[in-house]
Amino acid sequence: MTTDAEKTGWSLPGPDDMPRDKLQLQLEVYDETLLLRGFEGDSVWVRTVSADEIANVFTQHLGFSSGLLPQDALWWNQGETGQVVALWRPPQVWPVALQREAFKPPARLRLPMPGLVFVCSPGRAPWVYAALSRPTDADEQLYRMPAFNVFRDGRVCPGSHKFPEEVGLIPESFFQSYFSGTGDTRERSKKHPDNLHALWEELDGKTEYPVEDLVPQCTVAQVIAASQGRRGYGYR
């Protein structure tokens with residue numbers, strides 16, 4: 001049982017004889033749990049609470065609005081680092097610059113890409129996944145992005161590239177960056193599982209991406225959960 005000496009106390013600013021503010025609730029944060037302790041007269045009650053419950057108490061009277069969303073927005077949420085907007089880009093041919101060798105001009109390619117889902121935050125490198133069509137269901141399959149500068153989990157490696165604050169411009173900014181042939185690029189293609197260079201050379205100048213070559217990665221639901229900062233939603 002918590003004693004009076006263990007309670008958190010707080011007094012109003014002013015003269016020393018100002019009345020002490022009465023403690024009604026106390027939130028205790030431990031490594032494994034959250035406890036809410038209430039004080040009613042001489043009695044004390046304790047119950048376990050979740051972070052979601054606490055957040056709801058503090059936000060239930062606040063108005064949240066996404067404002068005007070960019071065209072082809074799939075979803076919006078408030079993640080750990082702020083605003084997150086998922087954007088859809090339909091299949092199309094993208095011009096790219098690939099830095100094959102240091103200190104030499106980049107190769108200029110025109111690559112067809114499948115439909116893409118970009119999970120964007122202002123001024124930050126996005127996460128990107130391939131899709132067979134514009135997602136309409138959380139259980140739909142997403143695929144590995146068949147591109148350089150993307151980690152295995154879908155997060156883009158920005159290097160020295162600065163992404164815009166306006167999230168609607170981030171997908172195009174990704175393709176305007178210089179791509180580097182370094183890093184882990186395995187399992188981005190069924191036909192060329194260990195050679196993304198070969199895939200890009202094969203695609204250069206084509207008009208459609210061979211979607212049967214895409215490698216499954218995760219579901220839309222897993223990406224939404226990850227963008228909200230929820231843990232335990234790992235995908236390969």
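Guide: Buried means under 20% relative accessible area, exposed means over 50%, and partly exposed is in between (1.4 Å probe, protein chains only). What you see here is a predicted model, in which local features need pLDDT of at least 70, side-chain atom pairs count only at pLDDT 80 or more, and totals for chains, interfaces and linings use all residues. Residues are numbered from 1 along each chain as its sequence is written, while side-chain values use heavy atoms and leave out hydrogens and water.

Visitor: Okay, how many helices and strands are there in the protein chain?

Guide: Let's settle what we're counting: helices (H or I, at least four residues) and strands (E, at least two) are DSSP runs, numbered from the N terminus. Tallied that way, the protein chain has four helices and twelve strands.

Visitor: Which residues of α3 are buried, and which strands do they pack against?

Guide: In α3, the buried ones are Leu196, Ala198, Leu199, Trp200 and Leu203. Packing is about contact, which means heavy atoms within 4.5 Å. The strands that these buried residues of α3 pack against are β6, β7 and β11.

Visitor: Which residue caps the N-terminal end of α3?

Guide: Look for a polar contact: a pair of N or O atoms within 3.5 Å, where within protein one must be able to donate a hydrogen and the other to accept it, and residues adjacent in sequence count only if both atoms are side-chain atoms. Here a side-chain oxygen lies 3.3 Å from the backbone nitrogen of His197, and the residue that caps the helix with this oxygen is Asn195.

Visitor: How many residues does the largest nonpolar core have?

Guide: A nonpolar core is a set of buried Ala, Val, Leu, Ile, Met, Phe, Trp, Tyr and Cys residues joined through side-chain atoms within 4.5 Å. In the largest one, the residues with the most contacts inside it are Leu116, Met145, Phe174, Phe175 and Trp200, and its full size is 31 residues.

Visitor: Which element gives the most to this core?

Guide: Several elements chip in, and those supplying at least two residues each include β5 (82-89), β6 (92-99), β7 (107-113), α2 (170-176) and α3 (196-203). With four residues, the one that gives the most is α3.

Visitor: And how many residues are in the other core that lies apart from it?

Guide: That other core has Trp88, Val119, Leu142 and Val223 among its members. In total, this core is made of twelve residues.

Visitor: Which side chain makes a polar contact with the side chain of Asn77?

Guide: Start with the setting: Asn77 is found in strand β4 (residues 73-79), and it counts as buried because its relative accessible area is 6%. Beyond four places in sequence, its contacts include Gly82, Val84 and Gln228. The polar contact, at 2.9 Å, is with the side chain of Ser227.

Visitor: How many disulfides does a search of the whole structure find?

Guide: A disulfide is a covalent bond between the sulfur atoms of two cysteines, and the search counts a pair of cysteine sulfur atoms within 2.5 Å. Cys120 counts as buried because its relative accessibility is 0%, and Cys218 is buried too, at 2%. Over the whole structure, the number of disulfides found is zero.

Visitor: Where is Glu187, and is it buried or partly exposed?

Guide: Its phi is positive, near 55°, in a residue other than glycine. Glu187 sits in the loop between β11 (178-180) and α3. Because its relative accessibility is 34%, Glu187 counts as partly exposed.

Visitor: What about Asn149: is it buried or exposed?

Guide: Asn149 also has a positive phi, about 65°, although it is not a glycine. Its place is in the loop between β10 (141-143) and α2. Because its relative accessible area is 16%, Asn149 is buried.

Visitor: What distance separates the C-alpha atoms of Tyr143 and Pro216?

Guide: Tyr143 is in strand β10, and it counts as buried because its relative accessibility is 13%. Leaving aside neighbours within four places in sequence, its contacts include Tyr129, Leu214 and Pro216. Tyr143 and Pro216 are 73 residues apart along the chain, and their C-alpha atoms are separated by 4.3 Å.

Visitor: Last one: what share of the residues in the protein chain is buried?

Guide: We've met quite a few already, and helix α4 (residues 220-227) adds Val220, Val223, Ala225 and Ser227. Out of the 236 residues in the protein chain, the buried share is 37%.
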